[in-house]
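Q: Please take a close look at one part of this structure with me. I'm new to this, so start from one spot and build outward until the surroundings make sense.

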Amino acid sequence: MYKTKYNLCMIYNESETYMSMGFRSKDPYKGLYNLLGGKIDDNEGYLESAYRELYEESGISKDDIVLHPLMDFIWHPIEMEMKVFVGILNNDVKLREEL
């Protein structure tokens, strides 16, 4: 089992012309853009955690999108696992800052 597990969400608008990115307002990587996602909590499912992080970071809920597993990454030197999900928004969503 890996000591750290993360999810990453690639979120497209309805016409699949734009992908949502988050602006980092705190360290690490303050002032840079990145994809949405975060750490998977202990005893939390991969998909459940992806929806939770997506809502916390953007306000996008399960009613706005269906996430699908895309790929997994494992970085053995630091025992990290990354689950990548992709989804297309069902409607226009007004994004908000992270909770």
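A: Let's start at Asp 72, which is partly exposed, with a relative accessible area of 49%. Keep in mind as we go that this is a predicted model. The side chain of Asp 72 meets that of Lys 83 in a salt bridge, 2.9 Å from N to O. Asp 72 belongs to strand β5 and Lys 83 to strand β6, so the pair ties together parts that are 11 residues apart in sequence. Which side of the burial cut-off does Lys 83 fall on? Lys 83 has a relative accessible area of 12%, and buried means under 20%, so Lys 83 counts as buried. As a general point, side chains of opposite charge can pair when their charged atoms come close.

Now widen the view to the two strands themselves. β5 covers residues 68-75, and 7 bridges join it to β6, with the two running antiparallel. One place to see this is Ile 74, which stands opposite Glu 81 in β6. The hairpin they form has 4 residues between the strands, and in it Glu 79 takes a positive phi near 55°.

That hairpin is part of something bigger: an open sheet of 4 strands in the order β4-β1-β6-β5, with mixed pairing. β4 and β5 are the edge strands, each pairing on one side only. From one strand to the next, the twist averages 15°. Helix α1 packs on this sheet, where it touches β1, β4 and β6, and its direction makes about 120° with that of β4. On the other side of the hairpin story, β6 also pairs with β1, this time in the parallel sense and over 9 bridges. Here you can find Thr 4 standing opposite Met 80 in β6. In general, strands of a sheet pair through backbone hydrogen bonds, either parallel or antiparallel.

Next, the helix. α1 runs over residues 46-58, which makes 13 residues, and it reaches 18 Å from its first C-alpha to its last, close to the 18 Å expected. Right after α1 comes Gly 59, whose phi is positive, near 90°. Among the buried residues of α1 are Ala 50, Tyr 51 and Leu 54, but also Glu 53 and Glu 57. What covers these buried residues includes β1, β4 and β6.

A good residue for linking helix and sheet is Tyr 46, which lies in α1. Tyr 46 counts as partly exposed, at 30% relative accessibility. If we skip its neighbours within four places in sequence, Tyr 46 is in contact with Lys 5, Ile 40, Glu 81, Lys 83 and Phe 85. Yes, that's Lys 83 again, the partner of Asp 72. Compare that with Phe 73: 27 residues separate it from Tyr 46 along the chain, and their C-alpha atoms are 13 Å apart.

While we're on charges, the structure holds 6 salt bridges. In one of them, the side chains of Arg 52 and Glu 56 meet at 3.3 Å, N to O. Arg 52 and Glu 56 sit 4 residues apart in α1, which means they are separated by about one helical turn. Both are partly exposed: Arg 52 has a relative accessible area of 22%, and Glu 56 is at 26%. Arg 52 also meets Glu 44 in a salt bridge, at 2.7 Å from N to O. Glu 44 is buried, with a relative accessible area of 13%. These residues belong to a network of salt bridges that links Asp 41, Glu 44, Arg 52, Glu 53 and Glu 56.

Last stop: the nonpolar side of things. The largest nonpolar core has 11 residues, including Cys 9, Ile 11, Leu 36, Leu 54 and Phe 85. β1 and α1 are the elements that give two or more residues to this core. α1 gives the most, with 3 residues. For a feel of how these residues meet, pick Leu 54: not counting residues up to four places away in sequence, Leu 54 touches Cys 9, Ile 11, Leu 36, Gly 59, Ile 60, Ile 65 and Leu 67. There is also a second, separate core of 5 residues, which includes Leu 35, Met 80, Met 82 and Val 84. The general rule behind this is that in soluble globular proteins, nonpolar side chains tend to be buried together.

How values were computed: Residues numbered from 1 in each chain as written. Predicted model: local features only at pLDDT ≥ 70, side-chain atom pairs only at ≥ 80, totals over all residues. Heavy atoms only, no water. Expected span 1.5 Å × (residues − 1). Buried < 20%, exposed > 50% of the residue type's maximum accessible area, 1.4 Å probe, protein only. Contact = heavy atoms within 4.5 Å. Pairing = 2+ DSSP bridges. Salt bridge = Lys/Arg side-chain N within 4 Å of Asp/Glu carboxyl O. Axes fitted to C-alpha atoms, helices over the stretch in contact; angles between N-to-C directions. Core = buried A, V, L, I, M, F, W, Y, C linked by side-chain atoms within 4.5 Å.
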